[in-house]
Amino acid sequence: MVIKYAIIGAGAIGSALGRQFTRAGIDVAVAASRGPAGLTSLRESLGPHIIPTEVRDALTAEVVALAVPFESVRGLVEQVPDWNRRIIVDATNAIDYRDFSPADLGGRESSDVIAEWAKNARVVKAFGSTWAKVLARDPDTGEGGRRVTFISGNDPTANAEVASLATQFGFEPIDLGRNDAGGRLQSFGGPLTGHSFISQPIAGDSPPEMDLVERGGPTAIS
Ligand SMILES: NC(=O)c1ccc[n+]([C@@H]2O[C@H](COP(=O)([O-])OP(=O)(O)OC[C@H]3O[C@@H](n4cnc5c(N)ncnc54)[C@H](OP(=O)(O)O)[C@@H]3O)[C@@H](O)[C@H]2O)c1
């Protein structure tokens, strides 16, 4: 059976992502160390779009989201001899827990390190730049705005695919480009991490008229 989407990890971030799949009505295979039997309560709380799965099967999905501690990543992705350009969505943060600082990876971005381990995968960093409870919320603020999610990665087509998924969830995706360039901004400890950014729609018929679209019509600026 071909699995389109999988999440590995069913803790704070994995559950938050699972909630977004559920909200969007998209099936997602979910796997964790505890095995499928341990994930029935997650399915009960989030609904039937959550499909408890073995890790080895989740690793075969077209798009595999990693929501595990960074320390677990290598052992997972190296189980696949060749990813054949399938997408890994990296929601992990590489953290030195002694002082909660960015782990020393010799100047490399953590998603690029994952790409070295995951042969022939296209690694896109997404959904890891804010807190799990914020990620879990409806990205539609109810006031015309949408929560922003940042995307970065070295393959623009893969970035666009993940951005499309984020749009289906209701986020406003912003592609920061390569991991070792704009992507650094959303890496753990970067200036874009740990916030909730809301994007409001802008409309107008010409540049001088461009302004925020606000509920109830435009607000006059005096
Ligand atoms: N929490 C946040 O607010 C937050 C925000 C941004 C980014 N992140 C990043 O997201 C990642 C996950 O964080 P979290 O807070 O969700 O952690 P968590 O609540 O501790 O959950 C970790 C999950 O990973 C699973 N897991 C660990 N090793 C595994 C392996 N080898 N194979 C399969 N499953 C494995 C665990 O399985 P079991 O449940 O069976 O033990 C658990 O479901 C981390 O890299 C973290 O830095 C977290």
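Here are some questions and answers about this predicted model.

Residues are numbered from 1 along each chain as its sequence is written. Because the model is predicted, local features need pLDDT of at least 70 and side-chain atom pairs count only at pLDDT 80 or more, while totals for chains, interfaces and linings use all residues.

Q: Which strand pairs with β1 over four bridges?
A: Let's start with β1, residues 5-8; strands are DSSP runs of E with at least two residues, helices are runs of H or I with at least four, and both are numbered from the N terminus. Two strands pair if DSSP finds at least two bridges between them. Three bridges join β1 to the parallel strand β2 (residues 28-31), with I8 partnered by A31. On the four-bridge side, also parallel, I7 stands opposite A65, and the strand is β4 (residues 63-66).

Q: Are the residues on the two faces of β1 buried or exposed?
A: A residue is buried if 20 or more other C-beta atoms, placed from the backbone, lie within 10 Å of its own, exposed if 12 or fewer, and partly exposed in between. Y5 and I7 lie on one side of β1, and A6 and I8 on the other. Both faces are covered, and these four residues are buried.

Q: Which residues touch the most other members of the largest nonpolar core?
A: A nonpolar core is a set of buried Ala, Val, Leu, Ile, Met, Phe, Trp, Tyr and Cys residues joined through C-beta atoms within 7 Å. The largest one here has 53 residues, and helix α7 (residues 156-169) gives the largest share, six residues. The two with the most touches are A6 and V89.

Q: Why does F127 count as buried?
A: F127 is found in the loop between β8 and α6 (132-136). Leaving aside neighbours within four places in sequence, its contacts (C-beta atoms, placed from the backbone, within 7 Å) are L17, V89, A91, L135 and T149. F127 counts as buried because its C-beta neighbours inside 10 Å number 28.

Q: Which element gives the most residues to the shell around the ligand?
A: Of the 26 residues around the ligand (C-beta atom, placed from the backbone, within 6 Å of it), G9, G11, R34, T92 and N93 come nearest. The elements giving two or more residues to this shell are α1 (12-24) and α4 (70-77). With four residues, the top contributor is α4.

Definitions and conventions:
Two residues are in contact if their C-beta atoms, placed from the backbone, lie within 7 Å.
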